[in-house]
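Q: Please take a close look at the acidic part of the surface in this model. Which residues form the negative surface patch, and how does that part fit into the rest of the chain?

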Amino acid sequence: MDTDWPRLIRLAEQEWRRLRDSLPPALRERFDAVPVLMEEFPSDELLDDGVADDTMGLFEGPAFAEESADALPPRMTLFLLNIWEEADHEERAFRREVRVT
């Protein structure tokens, strides 16, 4: 498979749901509260902020233990083309990298 963007999104979403479903209910609620964005690569703005161009995922926001009313809500961004590269363009490895990222 070449870099078929819709397919990478589908695979990542499937793996994300599998991970979610494997969590205990209390943790699953916390997991559901964090939106997951899927981008090809880190944006120029993130690169300017010091994020490496080969970053596979980025969590932004307070850790659960540090949440406060003043904090912006957390979010997770997966950089799917970086994950695809790390997985050497292999679906099984891609799924594994999405799960651990």
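A: Helices are DSSP runs of H or I with at least four residues, strands are runs of E with at least two, and both are numbered from the N terminus. On that basis the protein chain, which is a predicted model, has 5 helices and 3 strands. In sequence order these give the pattern α-α-β-α-β-β-α-α. The C-alpha trace spans about 45 × 35 × 20 Å along its principal axes. Of the 101 residues in the chain, 32% are buried.

The patch itself comes next. D53, D54, E85, E86, D88 and E90 together form a negative patch on the surface. Its members can be taken by their place in the chain. D54 lies in the loop between helix 3 (residues 44-48) and strand 2 (residues 57-60). D54 counts as exposed because its relative accessibility is 54%, and the cut-off for exposed is over 50%. This loop can be placed against another stretch of the chain through one pair: D54 and N82 are 28 residues apart in sequence, yet their C-alpha atoms are 5.8 Å apart.

E85 belongs to helix 4, which covers residues 80-86. With a relative accessible area of 48%, E85 is classed as partly exposed. D88 sits in the loop between helix 4 and helix 5. D88 is exposed, its relative accessible area being 65%.

The backbone of this loop also deserves comment. Most residues other than glycine have a negative phi. D88 is not a glycine, but it has a positive phi of about 55°. H89 likewise has a positive phi, about 60°, without being a glycine. H89 is placed in the loop between helix 4 and helix 5. Its relative accessible area is 33%, so H89 is partly exposed. Histidine is not counted as a charge, so H89 is not a candidate for the patch.

What lies on the inner side of these elements? The largest nonpolar core holds 19 residues, and L78, L80 and F94 have the most contacts inside it. Two or more core residues come from each of helix 1 (residues 5-22), strand 3 (residues 75-79), helix 4 and helix 5 (residues 91-100). The greatest contribution is that of helix 1, with 5 residues. Helix 4 therefore appears twice in this account: it carries E85 of the patch, and it also supplies residues to the core.

Beyond the loop, helix 5 brings in another acidic residue, E91. E91 forms a salt bridge with R7, and the closest N and O atoms are 2.4 Å apart. This pair connects helix 5, where E91 lies, with helix 1, where R7 lies, across 84 residues of sequence. A patch admits only residues that have no salt bridge, so E91 is left out of this one. Its accessibility leads to the same exclusion: E91 has a relative accessible area of 28%, while patch residues need over 30%. E91 is still classed as partly exposed, and so is its partner R7, at 26%.

A second salt bridge is made by R99 and E15, with the closest N and O atoms 3.3 Å apart. It too links distant parts of the chain, since R99 is in helix 5 and E15 is in helix 1, 84 residues away. The two partners differ in burial: R99 is partly exposed at 35%, whereas E15 counts as buried at 6%.

The strands provide a further example. The side chains of E60 and R75 meet in a salt bridge with an N to O distance of 2.9 Å. E60 lies in strand 2 and R75 in strand 3, so this pair ties together parts of the chain that are 15 residues apart in sequence. E60 is partly exposed, with 25% relative accessibility, and R75 is partly exposed as well, with 37%. Salt bridges with shared partners join R7, E15, R18, E91, R95 and R99 into one network. In total, 8 salt bridges are counted.

To return to the request: the acidic patch draws on D54 in the loop between helix 3 and strand 2, on E85 in helix 4, and on D88 in the loop between helix 4 and helix 5, among its other members. E91, in helix 5, is instead paired with R7 of helix 1.

Key. Residues are numbered from 1 along each chain as its sequence is written. This is a predicted model: local features need pLDDT of at least 70, side-chain atom pairs count only at pLDDT 80 or more; totals for chains, interfaces and linings use all residues. Side-chain values use heavy atoms; hydrogens and water are left out. Patches are made of residues with over 30% relative accessible area and no salt bridge: like charges are joined within 9 Å, nonpolar side chains (Val, Leu, Ile, Met, Phe, Trp, Tyr) within 5 Å. Accessible areas come from the Shrake-Rupley method with a 1.4 Å probe; for residues, only the protein chains shown count as cover. A salt bridge is a side-chain nitrogen of Lys or Arg within 4 Å of a carboxyl oxygen of Asp or Glu. The place of a charge is taken as NZ of Lys, CZ of Arg, CG of Asp or CD of Glu. Buried means under 20% relative accessible area, exposed over 50%, partly exposed in between (1.4 Å probe, protein chains only). A nonpolar core is a set of buried Ala, Val, Leu, Ile, Met, Phe, Trp, Tyr and Cys residues joined through side-chain atoms within 4.5 Å.
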